[in-house]
Amino acid sequence: LYYTTRDVLTTQSYTRYPFQLSAGENMDIRLGASAPKFSDLTLDGILVRGTNAKMKFSGWEIAGVSGDSKRAVADKMNSSYTFTQKAYGVRSSIDFWGVAKVGINALRVTDDQNSLSTYEAVKPQDNILASLDSAISWDERRTTLSGEYAASLYYRDTTASEVDVAGIPGYIKRLLPIRLGMNYDSAYQLKLDSLLGPTRWLVRYRNIGPGFVSLGNVSLTNDLAELELRNSFQVRNFSFQGFYKGSNDNLAGIKETTTRQYQYGLNFAFPLSNFAYAALGLNSSAAKNNATGTAEVRDYVSDSFNLGLTSIRFNLGAMPSSLSVNYALVSYRDRNPLTTLPEYQNHTYSLDTAVNINSQLILGIGLGLSRRIDQGAFAGTTDFQNWRGRLDWRVREDRSAYAETLLISGNNSRATIATQKYSVRAGILQKLANQGTISLDLEHIRNRDGLAAANDFNESSASLKYRQEF
């Protein structure tokens with residue numbers, strides 16, 4: 001149970017009332033708010049308020065979801081309208097002896113046209129998806145090859161006029177009417193995940209058509225061909241992670257420009273004798289299209305560098321303590337000659353320490369500073385500071401509690417930012433004699449905007465969780 005006083009009718013609800021009943025891997029039933037997943041291309045990451053259930057019978061598994069993914073909102077002051085959006089779906093999969101798996105998914109996400117009395121500013125949508133996914137493993141499951149193919153039918157406006165298309169049977173038109181503005185397209189992906197000794201490789205390619213839409217995965221970008229490579233290994237206390245991701249759009253060749261993007265990174269972690277642990281990261285991303293001489297030119301590079309020292313151990317008097325420090329630099333350059341923000345650098349510093357006062361109390365204190373330096377028409381600096389503290393208390397073997405506070409403040413040299421946010425949290429967890437736990441968390445947030453009092457707010461929230469194992 002999660003309740004907050006910031007839950008107003010002009011936004012999507014923050015309050016959640018989840019209930020979960022599980023029996024190992026054979027049954028999982030969730031009522032209220034949950035985030036179900038069928039597959040990468042259909043349902044993944046949206047919050048559904050309703051029923052989310054999964055049952056497993058030997059090698060056969062079936063899952064279903066039914067509920068609201070959005071509630072109706074009519075914010076006339078900001079001209080923001082949202083229909084009640086409902087999600088219905090089913091997934092069925094069969095596991096063959098633990099080495100192969102085949103699944104089929106069907107999902108519909110649709111707006112309830114009757115949930116708003118007036119909707120001139122927004123049109124009701126409807127989205128029907130179906131997909132087939134499979135996976136095969138070998139070498140004692142150290143290597144897995146998986147893939148998925150999905151098809152999407154999307155109505156951007158279910159009230160749009162119907163179009164009579166010759167050659168389509170009448171029963172199909174009644175079931176799936178042809179309307180102006182509707183899209184039909186497909187998407188597919190292939191993934192290879194392999195563990196070779198201490199090294200792990202991941203290769204993934206996905207192709208998402210320009211007309212493919214999934215309202216069950218709002219983070220999915222259409223009109224995209226993307227290749228991703230990842231490698232990681234760990235030898236004793238030394239670890240490495242590297243990745244590359246490259247993509248391009250305009251798959252159908254109907255846009256005036258084509259944008260190519262890439263990201264890559266190298267990250268290392270290693271011990272410094274018995275003194276501390278070091279982490280080093282180098283990452284870069286860029287995008288460029290073939291537009292020339294217009295504001296539509298996209299040509300930027302963003303590089304980042306991160307260096308951290310963690311688990312620096314020392315004694316504060318008789319109290320064992322640890323310290324972590326971190327520095328990060330982000331450098332951004334936009335090479336579009338018409339941009340008003342050609343370049344900026346962001347420097348971030350953080351320090352955290354933990355002190356074991358005794359066997360029951362641990363005190364944590366942290367400090368963070370960041371400064372962004374902008375060039376161009378909006379040249380200037382923006383500064384943010386945060387101070388944080390936390391006290392963990394092990395009251396006894398079956399009971400623990402904590403309290404923490406956070407203060408964030410920010411301002412800039414152009415006097416367009418002057419904000420302060422203060423929060424305090426506290427909670428307690430109690431283990432029960434019958435293999436259960438119950439916990440209560442409370443939080444209060446006070447937000448103040450020195451330039452716009454309309455953005456000020458106070459928010460109180462409470463979360464109550466109960467877990468019972470049988």
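Before we get to the hairpins, one working definition: strands here are DSSP runs of E at least two residues long, numbered from the N terminus, and two of them pair if DSSP finds at least two bridges between them. With that in hand, and keeping in mind that this is a predicted model, let's start with a run of strands, β16 to β19.

Take the hairpin of β18 and β19. There are 2 residues between the strands, and Gly317 takes a positive phi near 70°. The two strands run antiparallel and share 15 bridges, with β19 covering residues 319-334. If you want a spot to look at, try Leu316, whose bridge partner in β19 is Met319.

Step back one strand and you find β18 (residues 299-316) also paired with β17 (residues 276-289), again in the antiparallel sense, this time over 12 bridges. Two positions help you line them up on screen: Gly281 has Asn306 in β18 as its bridge partner, and Ala279 stands opposite Gly308.

One more step back brings in β16, residues 259-272, which pairs with β17 in the antiparallel sense over 14 bridges. Tyr262 is a handy marker here, since its bridge partner in β17 is Ala286. The hairpin that joins β16 and β17 has 3 residues between the strands, and in this one Ser273 takes a positive phi near 55°. As a general point, side chains in a regular strand alternate between the two faces of the sheet.

Strand β16 also leads us to the aromatics. How many aromatic pairs are there in the model? The count comes to 12. One of them is Phe233 with Phe238: the ring centres are 6.2 Å apart and the planes sit at 40°, so the pair counts as tilted. Phe238 pairs with Phe268 too, and that pair is likewise described as tilted, at 6.4 Å centre to centre and 40° between the planes. This second pair links distant parts of the chain, with Phe238 in β15 (residues 238-248) and Phe268 in β16, 30 residues apart. Together with Phe240 and Phe270, the residues Phe233, Phe238 and Phe268 make up one aromatic cluster.

Are these rings buried or exposed? Neither, as it turns out for the three we have paired up: Phe233 has a relative accessible area of 26%, so it is partly exposed. Phe238 is partly exposed as well, at 30%, and Phe268 gets the same label at 26%.

For a nonpolar core, head elsewhere in the chain. The largest one has 19 residues, and Leu41, Leu43 and Phe212 have the most contacts inside it. Two or more residues come from each of β5 (60-70), β9 (100-112) and β11 (143-155). Phe212 is a good place to centre your view: beyond its sequence neighbours, the residues it touches include Leu41, Leu129, Ala150, Ala151, Ala187 and Leu220, along with Asp185 and Asn222.

Next, look at Ser39, in the loop between β3 (27-34) and β4 (48-57). Why does Ser39 count as buried? Its relative accessibility is 5%, and the cut-off for buried is under 20%. Its side chain makes a polar contact of 2.6 Å with the side chain of Thr42. Further along the sequence, Ser39 is in contact with Asp44, Asn105, Ser131, Asp133 and Glu148.

A last stop is Arg372, which lies over the face of Tyr344, at 3.7 Å from the ring centre.

Methods: Residues are numbered from 1 along each chain as its sequence is written. This is a predicted model: local features need pLDDT of at least 70, side-chain atom pairs count only at pLDDT 80 or more; totals for chains, interfaces and linings use all residues. Side-chain values use heavy atoms; hydrogens and water are left out. Helices (H or I, at least four residues) and strands (E, at least two) are DSSP runs, numbered from the N terminus. Buried means under 20% relative accessible area, exposed over 50%, partly exposed in between (1.4 Å probe, protein chains only). A polar contact is a pair of N or O atoms within 3.5 Å; within protein, one must be able to donate a hydrogen and the other to accept it, and residues adjacent in sequence count only if both atoms are side-chain atoms. Contact means heavy atoms within 4.5 Å. A nonpolar core is a set of buried Ala, Val, Leu, Ile, Met, Phe, Trp, Tyr and Cys residues joined through side-chain atoms within 4.5 Å. Rings of Phe, Tyr and Trp (its six-membered ring) pair if their centres lie within 6.5 Å; planes under 30 degrees apart count as stacked, over 60 as edge-to-face and the rest as tilted. A charge sits over a ring if NZ of Lys or CZ of Arg is within 6 Å of the ring centre and within 35 degrees of the ring normal. Lists of a residue's contacts leave out its neighbours within four places in sequence.
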